[in-house]
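Good morning, and thank you for the time. I would like to walk through a few parts of one structure, and I ask you to keep it in view as I speak.

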Amino acid sequence: MEPFDLHPAPRVIFGAGALAQLPGLADGLGGGRVLLVTDPGIVNAGIADRALRLLRGAGRDAFLFDDVAENPTTDHVDAGVEAASARGGTGLIVGLGGGSAMDCAKGINFILTNGGRMEDYRGMGGARRPMLPSIGVPTTAGTGSEAQSYALISRTDTHEKMACGDLKARFRGVILDFELTASAPGRVTAATGIDAIAHAVESYVCTKRNAVSRMYALEAWRLLASGFEAALAPTAGAEARAAMLLGAHFAGAAIENAMLGAAHACANPLTARYGIAHGVAVGVMLPTVIRFNGETEGALYEGFGMTVDALAERVVQFRRAANLPGCLGELGVERNRLGEMAAAAATQWTGTFNPRPAREADFLALYEETY
């Protein structure tokens, strides 16, 4: 049995209407003034206003920073730090939204408390001073950022996505209210859902896998596989939304206790060079990576209860049901740039944990196979 070093998860409140418990959770963490980090879509949906009313109704001084975009950059983090500083600082941060908002909230926390630039925190454990207490409230079922100690922030100048992690950056409280996911656009539900599925699959077989991560990954797969297609419908019911949100959280916990693999290493250059949504990029690569790994490491996938080919085909079926692209050509990727992207993929940290070692030539073959 594989060894592991478990850092217990934060407090997690799950259930319909759980957002109402935000003030009590915040009171338990203290901190005074609250910075609510979110994006314009969450503001337009009225969810940010609900959160602010709850906090202010409980006597908390709370203010909003909503200048967060998909795939947040160092500029978004810097703008959040400036907004907090202009209000005299903050004692508690709430990340409300998809992975972008929650990652940006973590990034702001790094800079507010430890100074410097996001580049200084690339990797793990770069924060030398304590960080502010924080709460994660996901409104999409996908990234699992609320369960992780990493902030994924892109450099504004190069578009390179940096994983900046520290256990002190992990949310101390998490609210999983699946009613909040009902307002997510269909394309977001599809892209984030396939990303969560990839998290479950890749974390289960990666080289840092262990008994705890595999437990989370398999339960995540069970929930996600049962809820994904139903959740795509505009009239998706509570059971499907609940399964997706909890499954995505468990998949995030699996990553936190293990890591990912080559599908994510391939996806990052696609996002950086072509602006392809992260979940879409991961989804297009995952079946190819499963088959690649299965050639030498097929036994690792036995826990899913199907053959490697059947598992890869199941992901393809999910992708089709979501009307997501099935090849790189559909995404506008130029064949003559595959070598350039393979070189970039070979430098991605996540790829170093793939169960089958993958070098630049392997990444080129993966891209070619998916083209």
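What should the 13 residues of helix α4 span at 1.5 Å a residue, and how far apart are the end C-alpha atoms? Before I answer, please note that this is a predicted model. Helix α4 covers residues 74-86, and the expected span is 18 Å. The end C-alpha atoms of α4 are 18 Å apart, which agrees with that expectation.

Let me turn to the sides of this helix. Which residues of α4 are buried? They are T74, H76, V77, G80, V81 and A84. Seen down the axis of α4, these buried residues fall within an arc of 160°, so they line one face of the helix. There is a general background to such a pattern. An α-helix has 3.6 residues a turn, so residues three or four places apart point the same way.

What do the buried residues of α4 pack against? Their partners are four strands and one helix by name: β2 (34-37), β3 (62-65), β7 (150-154) and β8 (161-165), together with α5 (99-114). On the face turned away from this buried side, α4 carries the exposed residues E82 and A86.

One further residue of α4 deserves mention, namely S85. S85 is partly exposed, because its relative accessible area of 46% lies between the limits of 20% for buried and 50% for exposed. S85 and L112 are 27 residues apart in sequence, while their C-alpha atoms lie 8.3 Å apart in space. After α4 comes G88, which has a positive phi, near 85°.

I now move to a pair of helices. How do the axes of α9 and α13 cross? Helix α9 comprises residues 262-274 and helix α13 comprises residues 360-370; their axes come within 11 Å and cross at roughly 75°. That crossing makes α9 roughly perpendicular to α13. On the α9 side, the residues in contact are A262, A265, C266, P269 and L270, and they meet F363, L366 and Y367 of α13. The residues of this contact divide into 8 nonpolar, no polar and no charged.

Finally, I come to R53, which is placed in helix α3 (residues 47-57). Is R53 buried or exposed? R53 is exposed, with a relative accessible area of 52%. Along the chain, R53 and H278 are 225 residues apart, and their C-alpha atoms are separated by 32 Å.

Thank you for your attention.

Conventions:
Residues are numbered from 1 along each chain as its sequence is written. This is a predicted model: local features need pLDDT of at least 70, side-chain atom pairs count only at pLDDT 80 or more; totals for chains, interfaces and linings use all residues. Side-chain values use heavy atoms; hydrogens and water are left out. Helices (H or I, at least four residues) and strands (E, at least two) are DSSP runs, numbered from the N terminus. The expected span of a helix is 1.5 Å times one less than its number of residues. Buried means under 20% relative accessible area, exposed over 50%, partly exposed in between (1.4 Å probe, protein chains only). The arc is that of the directions from the helix axis to the C-beta atoms. Contact means heavy atoms within 4.5 Å. Axes are lines fitted to C-alpha atoms, for helices over the stretch in contact, and angles run from 0 to 180 degrees between N-to-C directions. Angles under 35 degrees count as roughly parallel, over 145 as roughly antiparallel, 65 to 115 as roughly perpendicular and the rest as oblique. Ala, Val, Leu, Ile, Met, Phe, Trp, Tyr, Cys and Pro count as nonpolar, Asp, Glu, Lys and Arg as charged, and the others, Gly among them, as polar.
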